[in-house]
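The exercises below are meant for a reader meeting this structure for the first time. Try each task before reading the solution that follows it.

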Protein chains: 2
Amino acid sequence: MSVSDVQHVTSRDNPLLKDLRKLAQDPGAYRRLGRLWLEGDHLCRAALARGVRPAIAVFSESFWPAAPVELAQAAVKKIVIADALLAAVSGLESPAPMGFVLDLPDRPELLPDAPTVVLDRLQDAGNVGSILRSASAFGFSQVVALKGTAALWAPKVLRAGMGAHFGLRLIEGVDASVLDGLTVPLVATSSHHGDWLHKARLPHPCAWLMGHEGQGVSAELEARASHRIRIAQPGGEESLNVAAAAAICLHASAAAREA
Amino acid sequence: MSVSDVQHVTSRDNPLLKDLRKLAQDPGAYRRLGRLWLEGDHLCRAALARGVRPAIAVFSESFWPAAPVELAQAAVKKIVIADALLAAVSGLESPAPMGFVLDLPDRPELLPDAPTVVLDRLQDAGNVGSILRSASAFGFSQVVALKGTAALWAPKVLRAGMGAHFGLRLIEGVDASVLDGLTVPLVATSSHHGDWLHKARLPHPCAWLMGHEGQGVSAELEARASHRIRIAQPGGEESLNVAAAAAICLHASAAAREA
C-alpha cells in the first residue's frame, strides 16, 4: 500500500484521539458522535465475519508492522497511534493494540412478526451483551430495548455481544407502546408465577420479555403479555441471573420450534 | 446495644481498613488473609439468607444511624468508618455504605457422587459468578474449579454469585486428576461436536465440564468425558457466552431429571 494510506498520530490533542477516548470510555458517547469503537482483534474479527466494513482501522505503532493482513486491510483509512496514546484511549484493564471505528448503523424499523427479545430496563452491560449473543444464536433477529435499558452500542455491551450486534435489528430507547406494533405474542418471564418453561407450549415466533435485574419485568409490561413463564429451580428459591434466564428461554424456544 | 460494641474508624492507617482495601480490590487477597469482603446490602442479605454469620459488620458513618436492624445486628463486632474512607475501600463504581467481613469457609472434601460443575480455566469473574448461581438454582451442589480459573471467592465473583457461594461445595485450584475421585459421569460441552442437547439423554447425577471462554474444554479434559454435548444454534455459527451455555445445560439436566 502507499504511504499516503496511513496516518500517524503522535499528539494527544489529535481530534480523532479525543473522539476515541469518549467512545471507549463513555457508554453513551456513540449517540452524540454517531460512531462506534470496537477494541481488540477478537471483536473486530467477529464484526468482519458479519460483513461489517469499518470506517477506520486503528493500530498501535508497535503492533502495526506485524498486523495481520485481514485487519490491516479491513479499512481504506488506517491510523497508527503511539502505543502510550492508544493505551490511554482504552477502557479495558489490558488495552488492545488495535481497533475499528464504525459508523453507527441506521436504526431499523420495527418488524411486526420477527422473533424478538424485549429488554425492560436491564442495567448491566455484560448481561445485555450476553442476551444479544444468545438472541442471535437462537434466531431471535430483533431486540427492542425499552427506555432505561443500558445503551446497546456501549463498548462493554459490544464486547459482551461479540459481534451479535451486527446480525440483529436493534431498536433502543423506546416506550413500551412501541410493542403495540408487534403481531407476535408477548411472553413474560417471571421468577414467581406462570407456567413452568420445561412443560409449557411455547408460541413461535414470539417476543420474550426480559426484565430489570432486581425488579424483573414491570407489572405494566407483564399485563401486555399473553403468556407468563417461569423456570423451575429445584436447588432453591434464588432467582437466576437475567442473562442466564434469557439463554434458557431462547434456547427452549428454538428447540420447541425444531421438535 | 452498648457503645462498646461499636468501633469507630477515622484513620486511613487503621489495619482493618488496609485489609478491607486489599480484599475489595485484589481478587486473590482472600487466600492470604483468610477472609472475605461482601459489599452492599443486597449481597449481604443474600448471605444472611444462606445462614452466613459475618465476623464483622461494617457501616459508613452516615449510613450507620439508619442501618436496618437485621444488618446492624448481624455481627457482634460492628465497625463504623468515615464515609470517605469506606468509599475508598470499594472496588465498585458506586461504593456501598455497608458490607460484611467473613471468615473464608473451610475447603470441603470432594463428594464423589454429587451433581457437579467443573470449570476449566474460565477467565471472566462475571461468568464464573453467574455459573455458580445457575449451579445452585439447578441443584448442582458442588463446583470444582481447575487451576487457571478465576478465583472463586474474589469480590466480582461473589457479587455475580449473589449468595450462591454459601450453598455450594467449592473446590478450587486443583488439577484435572482430582476428577478421578468423581463417580458421576463427566459430560463435556462443545461448540462443534457431540450430541444435540435438546435430543440427548442426559445422565443424572453428572458433572458438567464448562471450558475457557475462547478455547472451550481442553482436549485432555474432554478425553475424560463419557458424554459430549452441543447446543443447537439455528441463528448462526457463533458460540454462546459460556455462562449462557452453562445455564442452558444445567437447566436441561434439572428438567430431564424431573420429566
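Angles between axes under 35 degrees count as roughly parallel, over 145 as roughly antiparallel, 65 to 115 as roughly perpendicular, and the rest as oblique. The model examined here is a predicted one.

**Exercise 1.** Determine how helix H9 of chain A and H9(B) are placed, and which residues make their contact.

*Solution.* Begin with the axes of H9(A) and H9(B), each helix covering residues 242–258, which come within 8 Å and cross at roughly 60°. H9(A) and H9(B) are therefore oblique to each other. The next step is the hand of the crossing, and here H9(A) passes H9(B) in a right-handed sense. The contact itself is built from Ala244(A), Ala247(A), Ile248(A) and His251(A) on the side of H9(A), and from Ala244(B), Ala247(B), Ile248(B) and His251(B) on the side of H9(B). Sorted by class, these residues comprise six nonpolar and two polar ones, with no charged residue.

**Exercise 2.** Work out what turn and shift lay chain B on chain A, and through which surface the copies meet.

*Solution.* A turn of 180° with a shift of 0.0 Å along the axis lays chain B on chain A with an RMSD of 0.0 Å. That is the relation of a two-fold axis. As for the surface, 100% of the interface residues of chain B are also interface residues in chain A, so the copies meet through the same surface.

**Exercise 3.** Trace the seven-stranded sheet of chain B from edge to edge, and find which helices pack on it.

*Solution.* The sheet is open, its pairing is parallel, and its strands follow the order S8-S7-S6-S11-S9-S12-S10. At the edges are S8(B), residues 169–174, and S10(B), residues 195–196, each of which pairs on one side only. Five bridges join S7(B), residues 142–146, to S8(B) in the parallel sense, and Val143(B) has Leu170(B) as its bridge partner in S8(B). Helix H6(B), residues 125–137, packs on this sheet by touching S6, S7 and S8 of chain B, with a direction at about 170° to that of S6(B). Helix H9(B) also packs on the sheet, where it touches S6, S9 and S11 of chain B, and its direction makes about 165° with that of S11(B).

**Exercise 4.** Describe the five-stranded sheet of chain A and the place of helix H1(A).

*Solution.* This open sheet has the order S1-S4-S3-S5-S2 with mixed pairing, and its edge strands are S1(A), residues 6–9, and S2(A), residues 35–39. S1(A) and S4(A) run parallel, joined by four bridges, and Gln7(A) is partnered by Ile79(A) in S4(A). Helix H1(A), residues 15–25, lies across S1, S2, S3, S4 and S5 of chain A, running at about 75° to S2(A).

Technical notes:
Residues are numbered from 1 along each chain as its sequence is written. Chains are lettered from A and ligands numbered from 1 in the order in which they are written. This is a predicted model: local features need pLDDT of at least 70, side-chain atom pairs count only at pLDDT 80 or more; totals for chains, interfaces and linings use all residues. Side-chain values use heavy atoms; hydrogens and water are left out. Copies are superposed by least squares on the C-alpha atoms of residues with pLDDT of at least 70 in both. Contact means heavy atoms within 4.5 Å. Two strands pair if DSSP finds at least two bridges between them. Helices (H or I, at least four residues) and strands (E, at least two) are DSSP runs, numbered from the N terminus. Axes are lines fitted to C-alpha atoms, for helices over the stretch in contact, and angles run from 0 to 180 degrees between N-to-C directions. A crossing is left-handed if the near helix is turned anticlockwise from the far one by less than a right angle, and right-handed if clockwise. Ala, Val, Leu, Ile, Met, Phe, Trp, Tyr, Cys and Pro count as nonpolar, Asp, Glu, Lys and Arg as charged, and the others, Gly among them, as polar.
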